[in-house]
Amino acid sequence: MDLMSDKEIAYYLDQIDDYLNGKLSAVDRAAFHKAKDKYPKLSQDIDAHLLSRRLIREEGEKELKAKFKQAFKETETSQARPEAPRGLANNVVWPYALLLFIALGLIGYYFRGMQQSEISTGEIKQEPILMAELDDPSYDLLRSGAVLAAEDQWQKAVSAFSQRDYQSALTILQSLPSDKDFLQKYAGKYHLMKGVTNLRLKNFADAETALQMIESTNPYYDQAEWYLAVTAYFSGDSATATSRLKVLSSRDQYYRQAEAGRYLSQLQGK
Amino acid sequence: MKESSFSDQSIIEGIRAGGQSFEDMSMHLFNIHRGFIAKVNQKLHLSDEDIQDAYADGLVKLIRTIRDRSFKGDSKISSYFYSIFYNTAVDVSRRNASNKNAATQELTEWDAKEKDLLSIMDAKDEVAKIMGLMDLLGQPCQRILLDWAYYGYAMDEIAERSNLSGAESARSMKYKCLKKLKRLITDNLGSHV
């Protein structure tokens with residue numbers, strides 16, 4: 001059996017380090033497997049090296065997390081106990097500091113009052129709403145128990161969608177329309193997922209088209225109404241968004257009534 | 001430079017560059033997204049400790065995905081982080097609801113690059129047996145290995161941070177410490193490695 005020198009082993013381990021450290025875009029797997037077959041000890045060295053790197057990375061992540069938690073504590077401490085003024089210079093500054101403190105207190109009281117009033121009236125302060133805050137439709141509702149030709153593709157699309165890989169989900173969905181049986185039976189969930197996927201990818205016109213395909217008698221229609229409203233919101237069409245959100249927020253028992261009110265408040269508060 | 005002037009691209013580059021810029025950008029991410037805590041907690045109503053724990057976990061995950069390049073920059077960092085944070089907080093909320101007295105999610109998964117290398121590894125299922133071995137290394141070795149492999153400091157910086165004479169000395173210490181860790185792993189796994 002050939003023996004591999006320490007220098008040769010180091011060559012392979014350095015490749016692993018360079019890859020993990022972002023200095024190498026890929027390792028030559030074929031070369032690794034060939035060398036491992038030839039030199040069994042290399043397998044052990046690679047395993048020990050990769051396990052070491054993982055342990056170090058995990059330890060680093062724990063340390064980083066501890067730093068973040070410490071930063072929370074430091075903020076809380078500094079807020080709870082402002083440093084006491086000391087010395088002559090501070091005595092001169094003290095009256096100004098007191099005035100500043102009172103002013104900040106009044107501002108804080110004002111904003112706290114505003115926040116409480118917002119909460120009590122169910123409104124949210126007027127920050128732009130991020131698309132990341134938007135919930136997707138339930139993946140369970142989108143799943144299908146049907147045994148149709150398109151079933152496998154559909155499940156793949158749901159899987160990609162649930163992992164927020166919207167581009168892959170859309171690619172799979174676009175290959176489905178040829179299966180008329182599936183579309184006839186599951187038009188609602190198909191157009192809903194296609195609409196939301198396009199919305200996530202900011203293809204607003206395509207999202208609108210897909211969601212408009214859901215008929216008012218379809219069980220998914222209430223969800224389509226919601227995503228049509230937010231499509232208008234995120235596309236910047238404030239007039240349409242306002243009109244749709246007004247309808248939804250005024251409809252008792254609508255499943256997104258409160259959310260619609262929140263988006264509407266944001267639009268009207270601009 | 002004001003914190004708000006960092007673009008997503010400069011944050012990504014800073015994180016990937018390692019060393020002090022990694023640490024600075026990590027704290028920058030911590031500071032700029034704190035507004036999300038109130039937003040998420042309007043929906044989930046977690047205790048301060050739980051929401052802070054979820055926030056810290058979410059940030060560590062975000063930084064991991066930036067480093068291992070599974071975050072490709074297709075969306076804004078803030079949007080991407082909100083999703084991670086929200087999902088982490090939901091996990092905490094569900095765990096609380098089911099009265100499981102478990103610790104907040106441990107960060108014990110292979111990252112994307114490590115996963116990519118699993119095909120050249122035989123002992124991939126042995127991780128549970130080696131947890132906690134870093135603690136047996138001693139503080140100086142831990143520091144050197146963390147600075148090298150996690151934070152990405154250069155050898156001369158590692159030397160300075162660990163009071164060593166220079167880059168060559170740091171390199172030699174890193175080699176010895178890594179060898180020590182590998183021996184601990186091998187001893188624990190026996191014939192598996």
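**Two chains and the contact between them**

Let's start at the interface. Between chain A and chain B there are 10 salt bridges. Keep in mind that this is a predicted model. Why look for such pairs at all? Side chains of opposite charge can pair when their charged atoms come close.

Here is one example. A:Arg57 and B:Asp111 join their side chains in a salt bridge, 3.7 Å from N to O. Polar contacts come next. Chain A and chain B share 17 residue pairs in polar contact, with both residues at pLDDT 80 or more.

Which helices of chain A supply the side that touches chain B? Helix H1 (6-20), helix H2 (29-38) and helix H3 (40-80) each give at least two residues to that side. The largest share comes from H3(A), with 29 residues. Now sort that side of chain A by class. There are 20 nonpolar residues, nine polar and 19 charged.

How many residues does each chain bring to the contact? Chain A brings 48 residues, and chain B brings 65 residues. About 5500 Å² is buried between the two chains, and carbon and sulfur atoms give 60% of that area. Three residues stand out on chain A. A:Arg54, A:Phe68 and A:Phe72 supply 13% of the area that chain A buries against chain B, more than any other three residues.

Stay with A:Arg54 for a moment. The side chain of A:Arg54 also meets that of A:Glu58 in a salt bridge, at 2.6 Å from N to O. Both residues lie in helix H3 of chain A. They sit four residues apart, about one turn of the helix. Over all chains, the structure holds 20 salt bridges.

Next, a pocket. The second largest one has a volume of about 1300 Å³. It is lined by 47 residues, and the closest to its centre are A:Asp17, A:His49, B:Trp148, B:Lys174 and B:Leu178. Which elements give two or more residues to this lining? From chain A, they are H1 and H3. From chain B, they are helix H1 (8-17), helix H4 (48-67), helix H6 (112-116), helix H8 (139-150) and helix H10 (167-189). By class, the lining of this pocket has 17 nonpolar, seven polar and 23 charged residues.

Last stop: A:Ser249. Where is A:Ser249 found? This serine belongs to helix H12 of chain A, residues 238-249. The side chain of A:Ser249 reaches the backbone oxygen of A:Lys246 at 3.2 Å. Now leave aside neighbours within four places in sequence. A:Ser249 is then in contact with A:Gln257, A:Ala260, A:Gly261 and A:Leu264.

Definitions and conventions: Residues are numbered from 1 along each chain as its sequence is written. Chains are lettered from A and ligands numbered from 1 in the order in which they are written. This is a predicted model: local features need pLDDT of at least 70, side-chain atom pairs count only at pLDDT 80 or more; totals for chains, interfaces and linings use all residues. Side-chain values use heavy atoms; hydrogens and water are left out. Contact means heavy atoms within 4.5 Å. Buried area is the accessible area (1.4 Å probe) that two parts lose on being put together, summed over both. A salt bridge is a side-chain nitrogen of Lys or Arg within 4 Å of a carboxyl oxygen of Asp or Glu. A polar contact is a pair of N or O atoms within 3.5 Å; within protein, one must be able to donate a hydrogen and the other to accept it, and residues adjacent in sequence count only if both atoms are side-chain atoms. Ala, Val, Leu, Ile, Met, Phe, Trp, Tyr, Cys and Pro count as nonpolar, Asp, Glu, Lys and Arg as charged, and the others, Gly among them, as polar. On a 1 Å grid over the protein atoms alone, a cavity is a set of points where a 1.4 Å probe fits but cannot get out, and a pocket is an open set with protein on both sides within 12 Å along at least five of seven lines; lining residues have an atom within 4 Å of a point. Grid points are joined across faces, edges and corners, and a volume is the space filled by probe spheres set on the points.
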